[in-house]
Amino acid sequence: MDHVRTLECTLCGETYDPEQIVYTCSNHPGVRGILEVRYDYDVVRDRFDEPLDGNIRDQWKYRAFLPVDADAEPVTLHEGGTELYDAPRLGDELGVRMRVKDDGRNPTGVLKDRATSVSVTKAAHAGRDVVTCASTGNAAASLAGYAARGGLDCRLFVPGDAPEEKLAQPLVYGADVLAVDGSYDEAYDLSMEVTEAFGWYNRNAAVNPFQVEGKRTVGHELAEQTQGDVPDWLVFSMGDGCTIYGGWKGFREFRDLGFVDEVPNLLGVQADGASAIHDAFHDHDSTDEVVNTLADSIAVGRPRNTVKAVKALRESGGTSVLVSDEAILRAEKTLGSTEGIYAEPAGATPIAGVRKARAEGIIDPDESVLAVVTGYGLKDTESAMRASGNVTEITPEIAEVDRRYDSAE
Ligand SMILES: *Cc1c(COP(=O)(O)O)cnc(C)c1O
Ligand SMILES: [Zn+2]
């Protein structure tokens with residue numbers, strides 16, 4: 001990997017060899033010393049010769065930017081290359097010009113597939129045969145899918161109360177799903193212990209420095225897709241904070257290389273009941289680690305990537321907001337009914353955030369907004385039913401239909 005210079009600690013600046021499997025900096029207790037991958041952009045630029053013409057089959061178009069060996073065979077299901085939609089009816093509803101990138105349309109239904117493809121490619125290339133992670137659901141399903149694709153064993157730690165769809169999916173992909181009687185944070189700690197004890201390759205986004213790097217491709221794509229019309233605001237939901245940071249890093253790299261003229265302001269959105277990054281960004285005290293939100297994918301009490309997420313918000317000149325569960329469910333319904341885009345709660349959270357930011361005057365009506373939908377709606381049908389209300393039951397008689405619609409047209 002001659003295009004990867006070093007792994008650098010975000011807290012103390014200590015550097016590590018990118019060819020070794022290192023997760024976090026040993027100068028700090030626990031997993032606080034998150035590492036950042038640094039590149040040699042002269043090498044990257046020499047290698048990158050793709051036309052930025054909006055034709056994106058998948059994220060491997062940006063292979064020159066990904067931290068994998070030149071001779072590694074990608075483990076891919078064609079993640080990335082997702083559609084960017086104008087969203088005029090949603091924009092009318094929110095009172096601002098809206099575009100939506102639908103990353104729920106990735107192979108396992110989640111933006112995380114971008115990162116998983118990179119780490120499973122690395123694990124396979126390094127000759128590892130077991131991959132693991134702790135997950136609120138989506139990372140587990142994603143890892144299981146890519147492990148199956150790459151012929152690796154997959155052992156997952158999930159909180160016992162994850163939505164059923166998110167447990168069924170990795171089982172179909174053939175993974176061992178270990179439901180931990182406890183919270184996501186406890187499942188996480190356990191996965192770190194087994195990584196240390198048994199040497200399984202750990203995909204945990206926040207500690208595996210290469211995970212965030214795959215998520216940069218959403219930023220590369222957004223830059224390519226918005227050339228000449230970069231949005232004023234780019235909106236992500238935040239759980240551990242890797243997604244927003246990855247998206248930011250990718251966009252910023254394309255600006256720094258001169259592929260786009262400007263970068264958007266970031267708006268990071270969290271749920272009222274899981275607000276640690278928002279609290280850190282606004283310097284609020286946050287002692288309360290108890291999470292309470294139905295948006296399970298962002299129900300993170302102790303985000304592992306707060307430092308990177310806060311850095312992204314600051315560098316972009318952006319900010320963060322909190323939204324209620326009711327607002328998230330309303331956003332899921334609004335997005336689906338105005339634009340035909342079906343998101344799980346964490347995927348619709350950015351839409352709720354835009355509504356909030358408009359109401360608070362953070363986003364002006366003449367600005368343009370691009371929201372990234374991170375996860376697909378069929379991942380959590382129970383929440384979807386709560387968002388949308390029930391079906392209407394009728395008897396099989398035309399008179400009843402007629403009565404309802406008064407449809408003698
Ligand atoms: C994981 C996830 C997020 C949050 O990503 P982080 O990197 O944890 O901030 C948002 N939406 C969905 C659907 C996710 O699965
Ligand atoms: Zn350090």
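## Ligand 1 and its surroundings

An oxygen atom of ligand 1 sits 2.8 Å from an N or O atom in the side chain of Asn138, a distance that, like every other value in this report, comes from a predicted model. The backbone also takes part, since a backbone N or O atom of Gly239 is found 2.8 Å from an oxygen atom of ligand 1. Thr243 contributes through its side chain, with a polar atom there lying 2.8 Å from an oxygen atom of the ligand. Taken alone, ligand 1 would expose 380 Å², and the protein buries 97% of that area.

Around ligand 1 there are 17 residues, of which Lys112, Asn138, Asp240, Gly241 and Thr374 come nearest. Sorted by class, this shell is made up of five nonpolar, eight polar and four charged residues.

## The zinc site

The zinc ion, ligand 2, has as its protein donors the SG atoms of Cys9, Cys12 and Cys25 together with the NE2 atom of His28, and these lie 2.1 to 2.4 Å from the ion. Along the chain, the donors follow the spacing C-x2-C-x12-C-x2-H. Why is the arrangement of the four donor atoms tetrahedral? The angles that they subtend around the zinc ion run from 100 to 114°, and four donors count as tetrahedral if all angles lie between 85 and 135 degrees. As for accessibility, Cys25 and His28 are both buried.

## Buried polar residues in loops

Asp296 belongs to the loop between α9 (276-281) and α10 (306-316). Because its relative accessibility is 12%, Asp296 counts as buried, and its side chain makes a polar contact of 2.7 Å with the side chain of Lys166.

Asn106 lies in the loop between β5 (97-102) and α3 (113-125). With a relative accessibility of 6%, Asn106 also counts as buried, and its side chain is joined to that of Asp103 by a polar contact of 2.8 Å.

## Buried residues in helices

Leu90 is part of helix α2, which covers residues 88-94, and with a relative accessible area of 0% Leu90 is buried. Its C-alpha atom is separated by 9.9 Å from that of Ala331, although the two residues are 241 residues apart along the chain.

Ala223, in helix α7 (residues 209-225), is likewise buried, with a relative accessible area of 1%. From Ala223 to Asp261 the separation is 38 residues in sequence and 9.5 Å in space, taken from C-alpha to C-alpha.

## Positive phi angles

Most residues other than glycine have a negative phi. His78 has a positive value, with phi near 65°, and is a residue other than glycine. His78 is placed in the loop between α1 (41-47) and β4 (84-86), where, at 36% relative accessibility, it counts as partly exposed.

Asp283, again a residue other than glycine, has a positive phi near 55° and is located in the loop between α9 and α10, the loop that also holds Asp296. Is Asp283 buried or exposed? At 65% relative accessibility, Asp283 counts as exposed, because that value is over the 50% from which the term applies, whereas Asp296, at 12%, counts as buried.

Definitions and conventions
Residues are numbered from 1 along each chain as its sequence is written. Chains are lettered from A and ligands numbered from 1 in the order in which they are written. This is a predicted model: local features need pLDDT of at least 70, side-chain atom pairs count only at pLDDT 80 or more; totals for chains, interfaces and linings use all residues. Side-chain values use heavy atoms; hydrogens and water are left out. Donors are N, O and S atoms within 2.8 Å of the metal (3.2 Å for Na, K and Ca); water is not among the atoms, so sites may look incomplete. Four donors count as tetrahedral if all angles lie between 85 and 135 degrees; four count as square planar and six as octahedral if opposite donors are over 155 degrees apart and all others between 65 and 115; anything else is irregular. Buried means under 20% relative accessible area, exposed over 50%, partly exposed in between (1.4 Å probe, protein chains only). A residue is near a molecule or strand if one of its heavy atoms lies within 4 Å of it. A polar contact is a pair of N or O atoms within 3.5 Å; within protein, one must be able to donate a hydrogen and the other to accept it, and residues adjacent in sequence count only if both atoms are side-chain atoms. Accessible areas come from the Shrake-Rupley method with a 1.4 Å probe; for residues, only the protein chains shown count as cover. Ala, Val, Leu, Ile, Met, Phe, Trp, Tyr, Cys and Pro count as nonpolar, Asp, Glu, Lys and Arg as charged, and the others, Gly among them, as polar. Helices (H or I, at least four residues) and strands (E, at least two) are DSSP runs, numbered from the N terminus.
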